[in-house]
Every structure is written in C-alpha cells, then in structure tokens.
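This report walks through one structure, from the meeting of its chains down to single residues. Please keep the sequence and the 3D view at hand while reading.

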Amino acid sequence: MKMRKTVTVLLSLLLVLSLFAGCGSKPAESTQSASPDPSQGAESSQSAEPQETAKKLYIPVLSKGFQHQFWQAVKMGAEKAAKDYNVEITFEGPEYETQVDKQIEMFEAALAKNPDAICLAALDSKACIPLLERAQAAGIPVIGFDSGVDSDIPLATASTDNILAAGYAADKMAELIGGEGEVAVVVHDQTSGTGIGRRDGFVNRIKEKYPNIKIVDIQYGGGDHLKSTDLTKTIIQAYPNIKGIFGANEGSAIGVLNAVTELNRDDIVVIGYDAGKQQKDAVRSGQMAGAITQDPIGIGYKAVEAAVKAANGETIEKNIDTGFKYYDKTNMDQEDIAPLLYD
Amino acid sequence: MSTKTKPGKVIFNNDAAQKLMAFAALIALFIIFSLASPNFFKFDNIVSIVLATCVNGVLALGITIVLLTGGIDLSIGTSLTFSAVIAGVCIVNLHLPVFVGILIGVGTGALCGCINGIIISKMKLPAFIATLGMQMVLKGLSLVISGTKPIYFNDVKVFREIAMGSILGKIIPGFEIPNSVLIFAAVSIIAGLIITKTIVGRYGCAIGSNEEATRLSGVNVDAWKIAIYSICGVFSGLAGILMASRLNSAQPALGAGYETEAIAAAVIGGTSMSGGEGTIMGTIIGAFIISVLTNGLRILSVPQEWQTVVTGVIVIAAVYMDILRRRKK
C-alpha cells in the first residue's frame, strides 16, 4: 500500500510539472484556441517535445463503436489531434451501440489507468454517471463527444446538434415533396440520444411547420442494412401514396434506398444521414435526393483537443458545436463539404 | 437395421400433425393480415415477404440439418458474414471472376462448418461451446480481413444480379420474381433431398435419435458429424452470398444474431432441439411464419417493440404445442 501511495504521489508530481511545462510552452494557443491551423499544430507539437521525456499526456477515447465508417472517421480526427498535440490516445468502443455494459467496463478500465483526461461518447446518457463522479473525484477531466450525458461533470461536449440537423432534413423533405403528402421515418433505434434526437427533430419540425404533411410511420431497423431494407418495403406497401422517406443514419438510409430501388419507386424522395460510399454514390446519381452530414473528423479532433486543454488546466467552451451540412448532387464536391463525406 | 427404419418414420409420420399445424398457422396469419389491411395481400408485398425470407430461410435450412443430429451451430450468423467478406475480397480486391469468388465464399462457409465438426467430434467439445467460440472467431476475422470497412461490389455489376436480377422476369414479362427466391427454392429442394433421400440425412437422424446406438451399429459417427456441419456451413456461405448480393456490399458488421432467427424458424417448424426430428418443409413454413408476422405487424404499424414480443411468444407457443403433441403419443 505504501509503495502504491509513493508511486501515486510521484506520478502526480510529474503530472503537475508537465502541466507547467505545457502551459509555459503554449503561449500561442490562447490567442486562437478554437482551431489551430496546421502550422500552429506543428509548432505546438515541437514545443511539447521536451515534455515527452517527462510524461506524454495519455487520453483514452471511448467511442460508441468502431465498426461503422462514421466511427472510423471520428477515430481519424482523434488521431490527428493526438499527433498535433503530441499526446497518446487509445480509441476503443463496444461492438454494438446497444452494449452499454461493455462501454461501462471500458470506462472502468480506462479510469484504472489513471489517464490525464477521458473522451467519452456515452451510449447511455445516465448509466455512466457513477463513473463520471469517480473521474471527477480523481480529478480526471472528462470530455463528451457525439452525444451528451445527463450530468454537468463533462467539461465540454463536442457534438452535432442532431435535433437541428434532422429539422433541416425535414425542411428539405417538405420542399422536395411540395409541402404536402405522406412521409415516413426509418431510425436506427429508439433508445440512443442520436436516434431520439433525429427522430424528434424531424417529426417535430414537420408537425410544427407543415400541417399538410403527415408522418404515417416511424420504424426502427437497428441500423442493419438488410432489416432496414425489408421494413422500408413494408412501409411502402402499407402506404403506397408515400412521397418521401427519411433514413436517420447510414444503415437506415441505405435500407430505404435499397427498398425504393427494389420496388422501382424512384418517385419517392429519399433523404439520408451521414455518408459512406453507397450513400455518396446514390446522392451523386440522384437516387437519393440528399443527406445530412456531420463532421465526424471534426468531432474526434475537437474532443481530443478539448481534452488536452482540460488536462492542461485551460478553460474550455462547454458546448462545442461541430456543425452539420446538407449535401446533394449539386454541392457535394464543394470544398467545405467534400472532406466531411467519408467513404 | 433399426437405425435405418427409424429416420424414415421420423420424417413421414411423426411430423404430419406438426407440419399441418404450422401450415394452418401460416394460412391463418395470411387471412388475418389480409382482412386487417388492404395492402397486405398484393403481388409486390408477397414478393417482398418471400425476398425477406431468403437469407434467414437458407440459414434455417442449414441449421435444421444440424439440429436433426441433436447438435447446434451458433456460428451460422457470423459464418455468413465471413463468407460474404471472403467472397468480397476475392471478387473486388483480387479481381477473380465472380463465380470463382462465389465458390470460394461458399467454400469458406463449408470450411468453417468442417472445423466446427472436427472440434465437436474429434476434440469432444460440446457443440454449443465449440460453435459459440467459432461465432466470435469469425466475427473478429470478418472485421480484420475487411479492415472494418464494407466491401462494395459497385464495379462488378453482375454480382447484384445474382440475387436481385430476375431470370423469370425475362422469360415471363411482368413476373419479376428476384433470383434470390429461385435460389432459395432450389436450395430448399436440395436440403429436402439431403434429409430424406441421402445417407447423410438418415445417419444424421439416427445420430440425433440415439448417438451411442448409431455408433455401436458401426456407423462412423464422427465423420458424418463433420460432413453435416460442413453442409450447414455451405448453407451459411450461400446465405452470405445472397445477402451481399442484395446489399451490393459485404458488410463485416452484419450477421451476428442472425442465428437466433434461423433457429427460431426451425423450431417453429417442428424441429426438435434434442435431435432426431424435423423436416425441411417445417423449417420453410417456420421461416415464412416469422417474416409474414414481421411484415404484417409492420403493415398494421404495430410498434417494433411489440413485434419482437409477439415473435417470441410464437416461438414458445410452437414448441409447447410440439411437447403436447408428443405427450399424447
């Protein structure tokens, strides 16, 4: 026990020292903290080099998953930030976005390593609160990303405003179908923050602004391409006069697209969410009217960036809005949109 | 001798009642949904239902043969994924001809099944554990080999035609039934023949009824088990190709969990989990009951949470009916 205590004290001393080193060596950061340009990033990583010999900051990034292309893009952004700020990160997440328990275990394991900060995309906005409290007690700053938690402990959250983005999708849908008719929504699930946010964002906007549009059905396909295809076909069978369908994530959007293609119903307006090769191709060819894209690389980058700042004791903005864009075949190659569309 | 007459009985007499009951249930569902919604009994929707049954149906055919022996294969879902990914790598990355890629994909399924069989019969692991392990291995390998990225067949236009083209539509204009359905039908007939007409089916049933007796009567039980798990693997591989073709991509993250639905189809169709009993017709009906139910409940806009509850209740009810029927005998 004594041994352990000494080690802890020594480690925290080192940490405090490295903190000073970090603050001292980054005067440029405070002037333009939001987004360092590449040259500045390089500068800061150079200045941080001597610190490396002392102790490189370690920041575990706990994602919601790693299989989907979206998370791979978030990982890319996180790794880029890690390189720019010369910190060490690990990126992990459970296999399914329903495995709240697995994520909690990962969180516990991460805490046990006594990291300098933690980035967390919580699968369940409440289940992680006890662990957040432990992190707070241990003085480990937590930065949320992708979706928030029902707690004030995270110092900042880098995420897309899903409600706003889905509301915009609803406006586009209304515009494309001429302000009246039947529409349906295919969502990945009814429990996660993104599922609920996008569903409600879309549905509420339609209800508030477009009295002549009727939402006839909302179904959940688990983000599984095959299941979403079959269930969308059923929706179209049940409501043959349907004019538009909104797919709330990549798997759902591809499912909607497959269904419309299989039934030869190219009169149905399809609006998707996120990117991926199939969705991009469909938008380019006009099969899909358009889609909302988030900025996954930006989400990963800003989460790690905020974590570094928090670990260095800098104050950070509470809500980091990473923004969204609507893309269709006319604007998808523009330079402000193309980089957001991952394959 | 007894081992040879027994399976015959099992297939033709024993299951008549169960088959009839399952079939009656299917018809009843059709009538109920048709009355409840005018959009249910339409050509397009029926095609949708059949198409939605194909992947699960082919998986269920394979698992039925394994269940007959009293075994189980929990790896069929991820074996499907793995076969699809391997086919994708062969066709897209290595530019092999499509049919070669398909053969390798299906062969991969067979190989996975074969390994299952060897672990179960030679290393004496319980089938549940062996295939559970295999399920995880294949899940991981699919992600590793694909680099966690879907493999798209966009540049190989023929590939989508395998499942989604329509040979029938070309012969009879307007009768646009996707090939996937034809493949499912053909594979069903083959599975039926395997069970009823071949020595594999007979020995499989015998093993399921009484493994020790079968062994004592001089049958090489181990070899037949390996063969049967390999055959099941072939079906998983085929299902993988069908799914990849329909989605025009090999999705490394899909497929896990599909085994439960396939087992449910077999069980609803009267296949006994303790082996020795089951028919292909029953399994096909079981698979259709599941997809008619999901389709119908969706058409009626029943919330998804309840759809799952209803399917679960049906599984329990079907097995309970089976138990009641056997008690009477």
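In this predicted model, 26 residues of chain B are in contact with 24 residues of chain A. On the side of chain B that touches chain A, helix H3 (43-68), helix H12 (221-247) and helix H14 (280-299) of chain B each supply at least two residues, and H3(B) gives the most, with 5 residues. Sorted by class, that side of chain B consists of 11 nonpolar, 11 polar and 4 charged residues.

A second contact region lies inside chain A, for which the domain assignment gives domain 1 (2-160 + 296-323) and domain 2 (162-294). Here 12 residues of domain 1 of chain A are in contact with 9 residues of domain 2 of chain A. Helix H5 (69-84) and H13 of chain A each supply at least two residues of the side of domain 1 that touches domain 2. The table sets out the classes of residue on these two sides.

| Side | Nonpolar | Polar | Charged |
|---|---|---|---|
| Chain B, touching chain A | 11 residues | 11 residues | 4 residues |
| Domain 1 of chain A, touching domain 2 of chain A | 4 residues | 7 residues | 1 residue |

Helix H13 of chain A, residues 296-311, can be checked with a short calculation: at 1.5 Å a residue, its 16 residues should span 22 Å, and because its end C-alpha atoms are 23 Å apart, the model agrees with the expected value. This helix is also mostly covered, since 16 of its 16 residues are buried. Just after H13(A) comes Gly313(A), which takes a positive phi of about 80°.

Turning to chain B as a whole, it has 15 helices and 2 strands, and its C-alpha trace spans about 55 × 50 × 40 Å along the principal axes. A compact globule of 329 residues would have a radius of gyration near 20 Å, and chain B has 20 Å, so its value agrees with that rule. Buried residues make up 52% of the 329 residues in chain B. Among the contacts in chain B between residues at least 6 apart in sequence, 77% join residues at least 24 apart.

The largest nonpolar core holds 90 residues, and of these Val58(B), Leu59(B) and Ile63(B) touch the most other members. Leaving aside its neighbours within four places in sequence, Ile63(B) is in contact with Asp73(B), Ile76(B), Cys232(B), Ala262(B), Ile263(B) and Ala266(B). Apart from this core lies another, of 49 residues, among them Ile242(A), Leu257(A), Val270(A) and Phe40(B).

Two loop residues of chain A complete the picture. Gly222(A) is found in the loop between strand S7 (213-220) and helix H10 (225-238) of chain A, while Asn241(A) is found in the loop between H10 and strand S8 (244-247) of chain A. Is Gly222(A) buried or exposed? Gly222(A) counts as buried because 21 other C-beta atoms lie within 10 Å, and the cut-off for a buried residue is 20 or more. Asn241(A), by contrast, has 8 other C-beta atoms within 10 Å and is therefore exposed, as the limit for an exposed residue is 12 or fewer. Not counting residues up to four places away in sequence, Gly222(A) touches His188(A), Asp189(A) and Lys227(A). From C-alpha to C-alpha, Gly222(A) and Ser147(A) are 18 Å apart in space and 75 residues apart in sequence, whereas Asn241(A) and Glu133(A), 108 residues apart along the chain, have C-alpha atoms separated by 52 Å.

Technical notes: Residues numbered from 1 in each chain as written. Chains lettered and ligands numbered in written order. Predicted model: local features only at pLDDT ≥ 70, side-chain atom pairs only at ≥ 80, totals over all residues. Helix = DSSP H or I, 4+ residues; strand = E, 2+ residues; numbered from the N terminus. Contact = placed C-beta atoms within 7 Å. Core = buried A, V, L, I, M, F, W, Y, C linked by C-beta atoms within 7 Å. Rg over C-alpha atoms; globule rule 2.2 N^0.38 Å. Nonpolar A, V, L, I, M, F, W, Y, C, P; charged D, E, K, R; others polar. Expected span 1.5 Å × (residues − 1). Domains from an automatic or database assignment.
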